[in-house]
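Me: I've got a model open and I'd like to learn how to read it. Can you walk me through it, feature by feature?

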Amino acid sequence: MINPKFFIETLKENGIDCFAGVPDSLLKNICAYITDYSDAAHNIIAANEGAAIGIAAGHYLATGKPACVYMQNSGEGNIINPLASLTDQEVYNIPVLLLIGWRGRPGVHDEPQHVKQGKVTTGLLNVMGVNYEVLSKEEDKAAKQIEKAAKALANKEVFALVIEKDTFEDHKLQNVEVNNLTMTREEAIQTVAAALGEKDCIVSTTGMISRELFEYRAAMNQGHERDFLTVGSMGHASQIALGIALAQPERRVWCFDGDGAAIMHMGSMAIVANKAPKNYVHVVFNNGAHDSVGGQPTVGLKIDLPAVAKAVGYKATYSVDNKEELNAILENVYSFEGPTLVEIKVKKGNRKDLGRPTTTPVQNKEALMQFLKK
Ligand SMILES: Cc1ncc(C[n+]2csc(CCOP(=O)(O)OP(=O)(O)O)c2C)c(N)n1
């Protein structure tokens, strides 16, 4: 395995000392190391992966030095446009080093949302004309691959290092901002789910939020048919909920969002507000972190999310950080005309024995579609 310090120092020796990206579970240790040992101008946790390419391009324009963009392979879709129309040799010809966590690598068991992306990860790079190496787990070989990448960057190419599971040694995130939030995300999810009306449905976001909701239903001996668990497609749960809410104005639709996911495609909030579905409730479980992939910080707790929602036109917005206030809002939620945003500030972390959905995405979809016919 590769020591994170060794990897980052080798990148620095090869002229790369600026990082931008969205954290990934396979890159957890390396993202934590970068977060701990880079100053604010040299590690930018971006809203989404495409935005990170923009930051890397800006860094190159200002310094003449390529930056490194880290991401899960799920983020490849988000970088295709800036790769094709910004960094490409036929456009601005800007070098970037990509560090891509390879979830769903063929032959390695992974969750359903990673299977397709895993199959096309290197194919997408090929089609975009991006040369790559699958990073060796041996340091001397990895160092040679980094030198190869540096040569490509010197030639103004985009180059990718594709990272398999268990490539990096452990590095526990130390740079954790302390706050005094006490409610857990799971407790908040359970409290909201318990307050729902019979016909309400939920679209929940990628990561632990959907897993915690799934386990809540199982624990309560309830079916899962009213919950659409958006296991992939991070950042789009609010728009799936919007699609349902507009098509079924009589049904209350809840989006259970994360702060990282809401920020990833924050512009979508403006569309929710302007379509103005009265039956739409957007709940953001804000722990100020990409908790599901290692807890790296988001700007979630540094921005005023309800003020953003209000500014783009949500009819009502709330922010709570304890169960009493949350229950008080939930008691009245049916008298509010949406779209409504409820920010629930929660502490980081999850139950260690948290399971994963035992139904397939297609089973989930079919059950929900039946539920929506009622
Ligand atoms: C486009 C994309 N980029 C990255 C990921 C990896 N990923 C899965 S969950 C997650 C963090 C989600 O954070 P947040 O929405 O704040 O919810 P939390 O995990 O904190 O509850 C990330 C980065 C992904 N699935 N898709």
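Me: Let's begin with overall shape. What radius of gyration does the protein have, and what would a compact globule have?
Reply: Keep in mind that this is a predicted model. The idea is to compare the radius of gyration with what a compact globule of that length would give: for 374 residues that is near 21 Å, and the protein has 21 Å, so the two agree. Along the principal axes, the C-alpha trace spans about 60 × 40 × 40 Å.

Me: How many helices and strands are there in the protein?
Reply: The secondary structure comes to 14 helices and 14 strands.

Me: And how do I read burial and contacts? What share of the residues is buried?
Reply: Buried residues make up 52% of the 374. Then look at who touches whom: of the contacts with a separation of 6 or more, 80% are between residues 24 or more positions apart. On the outside, the protein exposes about 16400 Å², with carbon and sulfur atoms supplying 52% of that.

Me: Let's zoom in on one helix. Which residues of H4 are buried?
Reply: In H4 they are Glu76, Ile79, Pro82, Leu83 and Thr87. The trick is to look down the helix axis: these buried residues fall within an arc of 120 degrees, so they line one face of H4.

Me: What does that buried set pack against?
Reply: The buried residues of H4 pack against two helices, H3 (49-63) and H5 (112-127), and against strands E3 (68-72) and E4 (97-101).

Me: How does the span of H4 compare with that of a straight helix?
Reply: Check the distance between the end C-alpha atoms. A straight helix of 12 residues would span 16 Å at 1.5 Å a residue, but H4 (residues 76-87) spans only 14 Å.

Me: Now aromatic rings. How many aromatic pairs are there?
Reply: The count comes to 4. For each pair, read the distance between centres and the angle between planes. Phe7 and Phe168 are edge-to-face, at 5.1 Å centre to centre with 65 degrees between the planes. Phe7 sits in helix H1 (residues 4-13) and Phe168 in the loop between strand E6 (159-163) and helix H7 (185-194), so this pair ties together parts that are 161 residues apart in sequence. Both Phe7 and Phe168 are buried.

Me: Are Tyr318 and Phe336 stacked or edge-to-face?
Reply: Their ring centres are 5.1 Å apart and the planes are at 25 degrees, so that pair is stacked. Tyr318 lies in strand E13 (residues 316-320) and Phe336 in the loop between helix H13 (323-332) and strand E14 (340-345), so the parts tied together are 18 residues apart in sequence. Tyr318 is partly exposed, with a relative accessible area of 21%.

How values were computed:
Residues numbered from 1 in each chain as written. Predicted model: local features only at pLDDT ≥ 70, side-chain atom pairs only at ≥ 80, totals over all residues. Heavy atoms only, no water. Helix = DSSP H or I, 4+ residues; strand = E, 2+ residues; numbered from the N terminus. Expected span 1.5 Å × (residues − 1). Buried < 20%, exposed > 50% of the residue type's maximum accessible area, 1.4 Å probe, protein only. Arc of directions from axis to C-beta. Contact = heavy atoms within 4.5 Å. Rg over C-alpha atoms; globule rule 2.2 N^0.38 Å. Areas by Shrake-Rupley, 256 points an atom, 1.4 Å probe, with all protein chains shown as cover. Phe/Tyr/Trp six-rings, centres within 6.5 Å; stacked < 30°, edge-to-face > 60°.
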